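Trainee: Please take me through one part of this model closely, with the cut-offs spelled out as you go. I would like to hear about the cavity and what surrounds it.

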Amino acid sequence: MTKEILIIGGGRIGQALSSALKNKPVVFDKDPEKTNTKKALSELTQEAKIIFLAVPGIAYEELIKEIKPYLQKESLIIAVSKGITKNYHFVWQELNKLPQNYGILAGPIMAEDIIKNKPTVGIIGFKNNKAFSQIKTLFKQNFRLINYPHSPKDLSVAGTLKNVYALFLGIIDGLNLGENAKAYFLLKSLREMRILAKHFKANLLAINGLDGI
């Protein structure tokens, strides 16, 4: 187990990420049944060079405030959560408060697929994209990363919006309304996502790519 890689959040996606890495990382969670360490979060944060944040968006503000004093200057922070924070911010807005380099890991990444070792492709973008060459080598062969060359803000906005419309597509399936209804709603969803992306000044390439569609 390498102490240089820390996953904060031992839920389904945190455990899946742990299984996708070549070297077993430290996994910290407030639930003792989901953690593989007895160290305090402050100590783990001081030791780690790469930190994956696998907690719900609503927990980001408090978590970042908690770990900020202990982060190394060269620490790399990677968010795997999509959604809105407690104060109605996007995840990237909370990460942007840190002086450290950070990234957003996005795309249709399903914990169950990763755990079952099925081929998975994700997209990742950093504040400083030089970090991509370092991160892509950490994962096993079945987990492939595509580099997003623009702002991680774009991935954060696209991933958050995509999840909302994906819920409605699931409702169409649940109500058995048929493929025509789903196709029509999908087109309307993509149009609305592009309008909202412009409002938030996010690059439309993210909406039209792996993270949005």
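Mentor: Happy to: we will start with the chain as a whole, then go to the cavity, one of its residues, the pocket and two loop residues.

This is a predicted model, so local features need pLDDT of at least 70 and side-chain atom pairs count only at pLDDT 80 or more, while totals for chains, interfaces and linings use all residues. Residues are numbered from 1 along each chain as its sequence is written, and side-chain values use heavy atoms, with hydrogens and water left out.

The protein chain has nine helices and seven strands, taken as DSSP runs numbered from the N terminus (helices are H or I with at least four residues, strands are E with at least two). Its radius of gyration is 17 Å, close to the 17 Å that the globule rule gives for 213 residues, so the chain is as compact as a globular protein of that length; the radius is taken over C-alpha atoms, and the rule is 2.2 Å times the number of residues to the power 0.38. Buried residues make up 46% of the 213 (buried means under 20% relative accessible area, exposed over 50%, partly exposed in between, with a 1.4 Å probe and protein chains only).

Now the cavity. On a 1 Å grid over the protein atoms alone, a cavity is a set of points where a 1.4 Å probe fits but cannot get out, whereas a pocket is an open set with protein on both sides within 12 Å along at least five of seven lines; lining residues have an atom within 4 Å of a point. Points are joined across faces, edges and corners, and a volume is the space filled by probe spheres set on them. By this rule there is one cavity of 30 Å³ or more, and the largest cavity holds about 30 Å³ of space. Its lining includes Ser81, Lys82, Leu105, Gly159 and Asp211, and the elements that give two or more residues are strand 5 (101-106) and helix 7. The lining divides into four nonpolar, three polar and two charged residues (Ala, Val, Leu, Ile, Met, Phe, Trp, Tyr, Cys and Pro count as nonpolar, Asp, Glu, Lys and Arg as charged, the others, Gly among them, as polar).

Leu105 deserves a stop here. This leucine is found in strand 5 and counts as buried at 4% relative accessibility. Leaving aside neighbours within four places in sequence, its contacts (heavy atoms within 4.5 Å) include Leu17, Ile78, Val80, Ile123 and Phe143.

The largest pocket has about 330 Å³ of space. Of its 16 lining residues, Val80, Lys82, Gly107, Ile109 and Asn163 are the closest to its centre, and helix 1 (12-20) and helix 7 (152-174) are the elements that give two or more residues. Here the division is 11 nonpolar, three polar and two charged. Note that Lys82 is in the cavity lining as well as among the pocket residues closest to the centre.

Finally, two loop residues to check for backbone angles. Most residues other than glycine have a negative phi. Asn176, in the loop between helix 7 and helix 8 (179-199), has a positive phi near 55 degrees and counts as exposed at 67% relative accessibility. Lys201 lies in the loop between helix 8 and helix 9 (204-207); its phi is positive, about 60 degrees, and at 68% relative accessibility Lys201 counts as exposed.
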